[in-house]
Structures are given as structure tokens and as C-alpha cells.
Amino acid sequence: MSADRRPDVQPPIRLGLLGYGLDRPLTGIGRYAVELARHLCAFDDGISLELIKPFSKPANGLDTPLRTRQILGRRLPAYMVVGPTQITNVARRDRLDVVHDPFGVSPFFVPRQLAPFGRVLTLHDMVPFVYPETHARLTNLLFRRYIPRSLRFVDQIITDSESSQRDIVRFLRFPSERVTAIPIGVASRFAPAGADERQRACQRLSLPGDYILTVGSLSPRKNLESLFAAFKELRRRGRPHHLVVVGPTAWKSAGIFRQLRTLGIESDVLLTGFVSDDDLPALYSGAAAFAFPSLYEGFGLPPLEAMACGTPVVTSNNSSLPEVVGDAGLLVDPLDVEALASALDRLLTDPELSSRLIRRGIARSKAFTWERTARAHSCIYRDVATQRRL
């Protein structure tokens, strides 16, 4: 060992991060990939990062300059077919030690003897196994046929919660010691916004003065039908608040719009569609309460973002959500409309309870940092690369 080299210096790691989907507006998984890349580049731990993406334009939300490689397969079916070979070619050419797929497609089908790089896969949840009816046929095919067949080539699975870790071991029968739960961080921009910022955001989006907020795609799994029924009960009790629903329309959303019409609350519910990350902190901060009665979540980032912005939260008592919220929010059975309405009503009418949960939420959210998340990922990459070198 040379005299100027310290014993604790780690060997460099060449990492390829797959960027499928970053050419589209960012949803939860896309934001995970972007924040992970940004924070991996922010500290010097010997990891050299490049982005492998199946599109030519810049990746959405990723302002960190990265070396990039373009491959074929922008659409999911094509990516599933040509991705494995394309990614392998890049890994060989650039001598990558590890390739990480943060989107959960798992395009790893080339045998290790032909491409001796480590393969890391993030699976955020097991929704297609728990609620297959809420997903399109292609997604169910991906999880039930494609991903299970790829797992013999995967070295390590990362997931977002202990709940998802248990589900992955249960449904995919993957060795538990090779599934690591790493909680997602909350971006630093999610913090209580000032009055002027809240007012400007409300004006831009034509929001009402007093509102309850929910954030997420308009899909059956988000259980908006129960939220709409609970909201109607709140109106019956005389609460003047409107309901603001932020998120894009997703597959099988017709029942959501039908429920709105059936309940006769269209004029009291504002569907904003997709909202940029720049406006979200102000929307969270301006809400009287945040409601998230999802049927199942691999992590549940919106409640954490709401807590970080100083908004009291009501969410489900299932899957990963108790791990995220802890005692900083109210947990209810998402299918119990009366319980959901009563929990929201408590937040709207009990200032002491609301203030207590706001304080707890802000404090709890500070434990979920992207720096901590990125460093935990870095340890996984290093372990996988070391095993590959043995």
C-alpha cells in the first residue's frame, strides 16, 4: 500500500442508473430516481454515476450534469424486449460495476458470464399481487411473469418499507437477506410555505380559501370514492371546506368521476390534474388537512410531504403507511367512510389536536432525508460490486 493512501479509502464504483420514464412528468417513482441520482452526485464516496435512458431529450427534473448513454425501447413493451441486451452492451463498453433499475422493470436477462456486472433492482410495492384489478394487463404481466423470471439474474432488491420487504419475500419468494428496505427521503423544498407563497399558488390554480387536500393519481387504489363519501358527510356536518384533488388521471378512473356525479359534489371538488413540484409545497402548506385513504402503498410519499409542510394528516392504517406516519397523523380503516369523515372533522374542529400533529409531523419528517437514503443505496452498490469481484 502506498504511503499516501489511507487504509479506509474505498475502491471506486462505476454505477449505471436506468432512467426509463424520466422523459414524462414525474410521479412518485420518477421523483425517487431523480432525487437518488442528485444526492448520489452530491457527496464523494467513490461512485461514478452515469444515466442510461431510452430517449434523447434531457431527463425531467434532473438538473445534475451526468454522463448519459442512450438505448432503444422508449415504450415499456419495447424496453422489456430490447432493454436487456442494450443495457448489457452499455455495461460492457463502459465497464460498469453495477447497474441499478430504480423503476422496477427489471430488464436483467443476460447471464452473468456474458456480462459480469452487479444488478440492483428497486421494487417499490407489490400492488399487482395485492390489488391486480387496479392495474392494466401489461403491468400485471410485468410483475407476474417478466420480473419473476429475471430475478435469478438480480443480486439485490431494494424496496421502500418493511411492509413491502415482507410482501416481496412472500409473493416473489426472493431470499429475505437479499431484500433491503431503505425509506425514501423527502425533498428539502417540502417545508411550511409563507402566506404570500400560498396565496400565489392558490391564485395560479384557482383554489378555494379553505380546503382539504389529497395528492396522487386518480386510480382505484387511491380509494377516492371513500374520500368523496367522507367529504360529503363533512359538508352535511356544515364544514365549509372544499376538496382539492391533485394528480393525473390513471387507468380505470371512470368510477371516480361517476362517484362525484352520484354524490352531487362536483361543485365542491376541484380536480387540478398534474401539478408541478414547484407548486406542491404551497398547496400542502395551505391545506387545513391532508387526506390519503389509499388501499395499499409501498411507501406513501404524499403524507410525508404534507407532514414536512406542516399539514395534519389522515391516512390509512394499512401497508407501509403506519411506518411513514407513526404517531404524527390519524390512522383509519380506509374503507370505513364514517371513521374517515370523523378523523378529518377532528382536524378541522380541534385546533389543539391539529397543532400537536403538525409539530409531530414536521419533527418526524426530518428523519427521512435523501442524503440518508442515497448513502444507504451507496452501501448496497458497494456490497454488490464487492461480491461480483470475488
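**Close-up 1. The residues around the second largest pocket.** In this predicted model, 17 residues line the second largest pocket. Those that lie nearest its centre are Val 186, Ala 187, Ser 188, Phe 190 and Phe 368. Three elements each give two or more residues to this lining: α1 (28-40), α13 (351-365) and α14 (370-389). Of these, α1 supplies the largest share, with three residues.

**Close-up 2. The space and chemistry of the second largest pocket.** Here we stay with the second largest pocket and turn to the space inside, which comes to about 240 Å³. What kinds of residues make up the lining of the second largest pocket, by nonpolar, polar and charged? Nine of them are nonpolar, while four are polar and four are charged.

**Close-up 3. The fold of the protein chain.** Stepping back from the pocket, we find 14 helices and 13 strands in the protein chain. The radius of gyration is 22 Å, close to the 21 Å that the globule rule gives for 390 residues, so the chain is as compact as a globular protein of that length. Along the principal axes, the C-alpha atoms fill a box of roughly 70 × 50 × 40 Å.

**Close-up 4. Inside and outside of the protein chain.** Let us finish with burial, contacts and surface. Buried residues account for 54% of the 390 residues in the protein chain. Among contacts with a separation of 6 or more, 71% are between residues 24 or more positions apart. On the outside, the protein chain exposes about 17000 Å², and 50% of that area is supplied by carbon and sulfur atoms.

Note on methods. Residues are numbered from 1 along each chain as its sequence is written. This is a predicted model: local features need pLDDT of at least 70, side-chain atom pairs count only at pLDDT 80 or more; totals for chains, interfaces and linings use all residues. Side-chain values use heavy atoms; hydrogens and water are left out. On a 1 Å grid over the protein atoms alone, a cavity is a set of points where a 1.4 Å probe fits but cannot get out, and a pocket is an open set with protein on both sides within 12 Å along at least five of seven lines; lining residues have an atom within 4 Å of a point. Grid points are joined across faces, edges and corners, and a volume is the space filled by probe spheres set on the points. Helices (H or I, at least four residues) and strands (E, at least two) are DSSP runs, numbered from the N terminus. Ala, Val, Leu, Ile, Met, Phe, Trp, Tyr, Cys and Pro count as nonpolar, Asp, Glu, Lys and Arg as charged, and the others, Gly among them, as polar. The radius of gyration is taken over C-alpha atoms; the globule rule is 2.2 Å times the number of residues to the power 0.38. Buried means under 20% relative accessible area, exposed over 50%, partly exposed in between (1.4 Å probe, protein chains only). Contact means heavy atoms within 4.5 Å. Accessible areas come from the Shrake-Rupley method with a 1.4 Å probe; for residues, only the protein chains shown count as cover.
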